[in-house]
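Student: I am new to this structure and should like to understand the terms used to describe it. May I ask how each description is justified?

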Amino acid sequence: MSVTAQTYEARAAAHPNAAARRLLETMMRKRTNLCISVDVTTAAEVLDVVRIVADSVCMVKTHIDIISDFTPALTAELARLADAHDFLIFEDRKFADIGNTVALQYSSGVHAIASWSHMTNAHPLPGPGIISGLGTVGRPLGRALLLLAEMSSKGNLATGAYTRTAVQMAREGGRDWVVGFIAMDRAHLRDATAAADEDDEDWLILTPGVGLQAKGDSLGQQYRSPHEVVHDSGCDVIIVGRGIYGVKGGDDAVRQEAERYRQEGWKAYEARLKA
């Protein structure tokens, strides 16, 4: 059976990675495939957004290195909120160095990412060593890794051979550690691996560039609707940031917009199962 025809629950039961199973199970419990991208620059702003939208999301995506007043208290509170409100944390670090360096960046320093983030991601550019290097830290902790196979910005270079290489590296890295991709369309990954049986490769596809109104911004970001991403392109998680927390009207408006995206994303998933 095609991956896109299976429920998140069925996929969770068969997944070899604990963090991926937890994500899929959370999506079923909360009936949400929405990830909030919290691209704000102070700890108070991060926590305010998360507390407002927590009940509508399966995942919170952070860029921890943009927080101007970071202390470990922030990530401790994020971890507490994740347990209290049943969501996972995805640090969008986009590691891109040799294995030894990324292992240190992941485990150490002021952010100590591996200690609190359930998932992180990496560019395939440095080669397979980046997967094994991060794995020395994340695997023992039950974490999960995503590779950047595609991007949502106009003119990006993550196409063609880059995507094919990302998929091959993920396969070689093992699904007990590399659980999926940042990508725009599941079909692009199938095309890149035509020799493989797609039914045997259940990759999680997390997709940025999702919007219900805007189609782009002044810096090259491009947006598609939840239906286009989940139903038409076979992706699993919609990533939304400014489209939710940037609405006018205060906390209630932000909460309502998060719920609107949750409903639209889930509706697209249910329609996909019936297709």
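Tutor: Strand β3 (residues 88-95) and β4 pair in the parallel sense. This is a predicted model, in which local features need pLDDT of at least 70 and side-chain atom pairs count only at pLDDT 80 or more, while totals for chains, interfaces and linings use all residues. Residues are numbered from 1 along each chain as its sequence is written, and side-chain values use heavy atoms, with hydrogens and water left out.

Student: What makes β3 and β4 a pair?

Tutor: Two strands pair if DSSP finds at least two bridges between them. β3 and β4 have 3 bridges, and therefore they satisfy the definition. Within this pairing, Glu 91 stands opposite Thr 120 in β4. The strands themselves are DSSP runs (E, at least two residues), as helices are (H or I, at least four), numbered from the N terminus.

Student: Which way does the crossover from β3 to β4 turn?

Tutor: The chain passes from β3 through helix α5 (residues 99-107) to β4, and this β-α-β crossover is right-handed. The term means that, with the strands pointing away from the viewer, the path from the first strand over the helix to the second runs clockwise.

Student: With which strand does β4 pair over 4 bridges?

Tutor: That partner is strand β5 (residues 144-148), again in the parallel sense. Ala 122 stands opposite Leu 147 in β5. β4, helix α6 (residues 129-138) and β5 form a right-handed β-α-β unit.

Student: Which way do the residues of β4 point, and are they buried or exposed?

Tutor: Met 119 and Asn 121 point one way, Thr 120 and Ala 122 the other, and all are buried. Buried means under 20% relative accessible area, exposed over 50%, and partly exposed in between (1.4 Å probe, protein chains only).

Student: How does the length of helix α2 (residues 18-30) agree with expectation?

Tutor: The expected span is 1.5 Å times one less than the number of residues. α2 has 13 residues and reaches 18 Å from its first C-alpha to its last, close to the 18 Å expected.

Student: Why are the buried residues of α2 placed on the same side?

Tutor: The buried residues are Ala 19, Ala 20, Leu 23, Leu 24, Thr 26, Met 27 and Lys 30. They cover an arc of only 155° around the axis, which puts them on the same side of α2; the arc is that of the directions from the helix axis to the C-beta atoms.
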